[in-house]
Amino acid sequence: MNNNTNAALPTIVLVHGGFVDGSGWEDVFQILKKDGYPVSIVQNPTTSLADDVAVTKRVIAEQKGPVILVGHSYGGAVITEAGTHPNVSGLVYITAFAPDQGESVASLIKDPPAGAPVPPILPPTDGFLALDKAKFAASFAADVSPEKA
């Protein structure tokens, strides 16, 4: 890749949501790279919002020049917090949570309207949430092959 061509382009940093990992960004990564963008995918541990923000900020700090943060789902909460980093020039929310100060993802999904899709989150085990595996594909990956889901 010719770095001179990419000098004016910001680095795109992709942040995944909860219950998944960075591999969900594979197709987007390939499209952006083909278009000449420098791209990084954050592999958040999803152990806490604070941990995910810290990992995301480390990835941002490694980039040269301006960064556009892109978050999906829970990743929107992560980019809202990490977006205060001085290298961040923009935030993109893709079907993502964009909490105001004092809000959390939990508070935003607490009382869904009647008929709204609700993620199949199971009760916590040892302080960690999980999804009902039988309902995962339909809830989170209905647009990809069953093997990929």
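Which residue is the bridge partner of Ile68 in strand 4? Let's start there and work outwards through this predicted model.

## The open sheet

The partner of Ile68 is Gly90, which sits in strand 4. This pair belongs to a parallel pairing in which strand 3 (residues 67–73) and strand 4 are joined by 7 bridges.

Step back, and you will find an open sheet of 4 strands, paired in parallel and arranged in the order 2-1-3-4. Strand 2 (39–42) and strand 4 (88–96) stand at the edges; each has a single partner strand, so one side of each is left without a neighbour in the sheet. On average, neighbouring strands here are turned by 20 degrees against each other, direction ignored.

## Helix 3 and Thr56

Helix 3 packs on this sheet and touches strand 1 (11–15), strand 2, strand 3 and strand 4. The direction of helix 3 makes about 165 degrees with that of strand 2.

Thr56 is a good residue to look at here, as part of helix 3 (residues 49–61). Its relative accessibility is 0%, and because buried means under 20%, Thr56 counts as buried. Leaving aside residues up to four places away in sequence, Thr56 touches Val15, Val42, Asn44, Leu69, Val78 and Ala82.

The side chain of Thr56 also has polar company. A polar contact of 3.4 Å links it to the side chain of Asn44. In addition, a polar atom of the Thr56 side chain lies 2.8 Å from the backbone oxygen of Asp52.

## A hairpin further along

Strand 5 (residues 121–125) and strand 6 (residues 128–131) run antiparallel and are joined by 3 bridges. Within this pairing, Thr125 stands opposite Phe128 of strand 6.

The two strands form a hairpin with 2 residues between them. If you are checking backbone angles, have a look at Asp126 in the turn, where phi is positive at about 55 degrees.

## The salt bridge

Side chains of opposite charge can pair when their charged atoms come close. How many salt bridges does a search of the whole structure find? The search finds 1. Glu26 and Lys148 form a salt bridge, with their closest N and O atoms 3.6 Å apart.

Glu26 lies in helix 2 (residues 26–34) and Lys148 in the segment after helix 6 (133–140), so the pair ties together parts that are 122 residues apart in sequence. Are these two residues buried or exposed? Glu26 counts as partly exposed, with a relative accessibility of 41%. Lys148 is partly exposed too, and its relative accessible area is 49%.

Definitions and conventions. Residues are numbered from 1 along each chain as its sequence is written. This is a predicted model: local features need pLDDT of at least 70, side-chain atom pairs count only at pLDDT 80 or more; totals for chains, interfaces and linings use all residues. Side-chain values use heavy atoms; hydrogens and water are left out. Buried means under 20% relative accessible area, exposed over 50%, partly exposed in between (1.4 Å probe, protein chains only). A polar contact is a pair of N or O atoms within 3.5 Å; within protein, one must be able to donate a hydrogen and the other to accept it, and residues adjacent in sequence count only if both atoms are side-chain atoms. Contact means heavy atoms within 4.5 Å. Two strands pair if DSSP finds at least two bridges between them. Axes are lines fitted to C-alpha atoms, for helices over the stretch in contact, and angles run from 0 to 180 degrees between N-to-C directions. A salt bridge is a side-chain nitrogen of Lys or Arg within 4 Å of a carboxyl oxygen of Asp or Glu.
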